[in-house]
Amino acid sequence: FDEAAQALGPRSHTIVEAHPDVWANMHARGWASRPRCALVFGRWQKALPRLGLYDAIFYDTFGEGVAEFDAFCAVLPALLRPGGRFSFFNGFCAHSARLHTSFAMRTSACLGVLGLRCRFQLVPCEPPGEEGWRGVSGRYWTFDSYMLPVATLDEPSECRADTPPDAEPGGRAEAARRPNGADNARVAAQG
C-alpha cells in the first residue's frame, strides 16, 4: 500500500507501525528519508495525539480483532477531512464467504452511523497455490474474489448508511487462522 500511496505524490504520508521487524525493514528500505513521509512507531491508539487530519486512511487490520477495528472506526470522523476516504484490509471472517459478507454488511451499517458511506467493490483475485503458502503459518485469504471497502466521510448533513453489499466472495471456504501479531495502521494523506 505504501508504495502505491507514494506513487500518487501525496502532500504528506504518515505510517503508524507497531511491529518491530516491519519498522526495521521500513528504515532499511529508506522510508524515513522519503519526502513528505512521517513514520510513527507504536500502536495507533497511542499515536492518535500525534496525528492530524487526512484526505485518505488505509487501516491494516491483519492481526487485529473486531474490537480494535470498531475502536479505530469510532475515531475516523476526527481523523478524516470531509470527503476523505477510508479503506482497510478486509480479511475478517476469511474462512467463510457467508460470514465474510455478513461482516461487510455490518461494517457498512456501522460506518454509516458515523457518517461514512461505504461500498464494497468486488475484485477478482486468485489465491496463491500450495507453493505460494509455503512458510506462511496461516492462510489469510482463500476466496477467488475480494470485497474492497471504500468509505467516504460525508458532510454532517449527508450522514446515512449505504445499502449493504449484495455480492458474496466465492471460492474455497478453508479454515484460516488470524495471527496474534502486532497491529498497525497505514495512514496516508493525499492532496
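Colleague: Why is Pro35 called exposed?

Modeller: In this predicted model, Pro35 has a relative accessibility of 52%, and exposed means over 50%, so Pro35 counts as exposed. Pro35 is found in the loop between helix 2 (20-28) and strand 2 (37-41), and its C-alpha lies 9.7 Å from that of Pro10, although 25 residues separate the two in sequence.

Colleague: What makes Gln6 count as buried, when Gln6 touches Pro35?

Modeller: Buried means under 20% relative accessible area, and the value for Gln6 is 18%, so Gln6 counts as buried. Gln6 has its place in helix 1 (residues 2-7), and, leaving out residues up to four places away in sequence, Gln6 touches His13, Trp31, Arg34, Pro35 and Cys37.

Colleague: Two of those residues are Trp31 and Arg34; how do you know where the charged end of Arg34 sits?

Modeller: The charged end of Arg34 is 3.7 Å from the centre of the ring of Trp31, which can be set against the limit of 6 Å, and with the direction also taken into account the charged end is said to sit over that ring.

Colleague: What is notable about phi of Arg36?

Modeller: Phi of Arg36 is near 55°, a positive value in a residue other than glycine, and Arg36 lies in the loop between helix 2 and strand 2. Phi of Cys93 is likewise near 55°, and Cys93 belongs to the loop between strand 4 and helix 5.

Colleague: Why is Cys93 called partly exposed?

Modeller: The relative accessible area of Cys93 is 25%, and partly exposed covers the values between 20% and 50%, so Cys93 is described as partly exposed.

Colleague: And what makes Pro127 buried?

Modeller: The relative accessible area of Pro127 is 15%, and the cut-off for buried is under 20%, so Pro127 is buried. Pro127 has its place in the loop between strand 5 and strand 6, where, with neighbours within four places in sequence left aside, Pro127 is in contact with Trp141, Thr142, Phe143 and Asp144. From C-alpha to C-alpha, Pro127 and Trp141 are 6.6 Å apart in space, while in sequence they are 14 residues apart.

Colleague: Why is the pair formed by Tyr59 and Phe69 called stacked?

Modeller: The centres of the two rings are 6.1 Å apart, and rings pair if their centres lie within 6.5 Å; the planes stand at 15°, and planes under 30 degrees apart count as stacked, so the pair of Tyr59 and Phe69 is stacked. The pair links distant parts of the chain, since Tyr59 is in strand 3 and Phe69 is in helix 4, with their positions 10 residues apart. A search of the whole structure finds 13 aromatic pairs, and one aromatic cluster is formed by Trp44, Tyr59, Phe69, Phe72, Phe86, Phe88, Phe92 and Phe103.

Colleague: Are Tyr59 and Phe69 buried or exposed, and how do you know?

Modeller: Tyr59 has a relative accessible area of 0%, so Tyr59 is buried, and Phe69, at 1%, also counts as buried, the limit being under 20%. Not counting residues up to four places away in sequence, Phe69 touches Tyr59, Thr61, Phe86, Phe88, Phe92, Phe103 and Thr107.

Colleague: Which residues touch the most other members of the largest nonpolar core?

Modeller: That core has 26 residues, and those touching the most other members are Ile57, Phe69, Leu76, Phe86, Leu111 and Leu116. At least two residues come from each of several elements, including helix 3 (44-47), strand 3, helix 4 and strand 4, and helix 4 gives the most, with five residues. In soluble globular proteins, nonpolar side chains tend to be buried together.

Colleague: What makes strand 3 mostly covered, and how does strand 3 pair with strand 4?

Modeller: Six of the six residues in strand 3 (residues 54-59) are buried, and the strand is therefore described as mostly covered. Strand 3 and strand 4 (residues 80-88) pair in the parallel sense over five bridges, and the bridge partner of Ala56 in strand 4 is Arg85. The chain crosses from strand 3 through helix 4 (residues 66-79) to strand 4 in a right-handed β-α-β crossover.

Technical notes: Residues are numbered from 1 along each chain as its sequence is written. This is a predicted model: local features need pLDDT of at least 70, side-chain atom pairs count only at pLDDT 80 or more; totals for chains, interfaces and linings use all residues. Side-chain values use heavy atoms; hydrogens and water are left out. Buried means under 20% relative accessible area, exposed over 50%, partly exposed in between (1.4 Å probe, protein chains only). Helices (H or I, at least four residues) and strands (E, at least two) are DSSP runs, numbered from the N terminus. Two strands pair if DSSP finds at least two bridges between them. A crossover is right-handed if, with the strands pointing away from the viewer, the path from the first strand over the helix to the second runs clockwise. Rings of Phe, Tyr and Trp (its six-membered ring) pair if their centres lie within 6.5 Å; planes under 30 degrees apart count as stacked, over 60 as edge-to-face and the rest as tilted. A charge sits over a ring if NZ of Lys or CZ of Arg is within 6 Å of the ring centre and within 35 degrees of the ring normal. A nonpolar core is a set of buried Ala, Val, Leu, Ile, Met, Phe, Trp, Tyr and Cys residues joined through side-chain atoms within 4.5 Å. Contact means heavy atoms within 4.5 Å.
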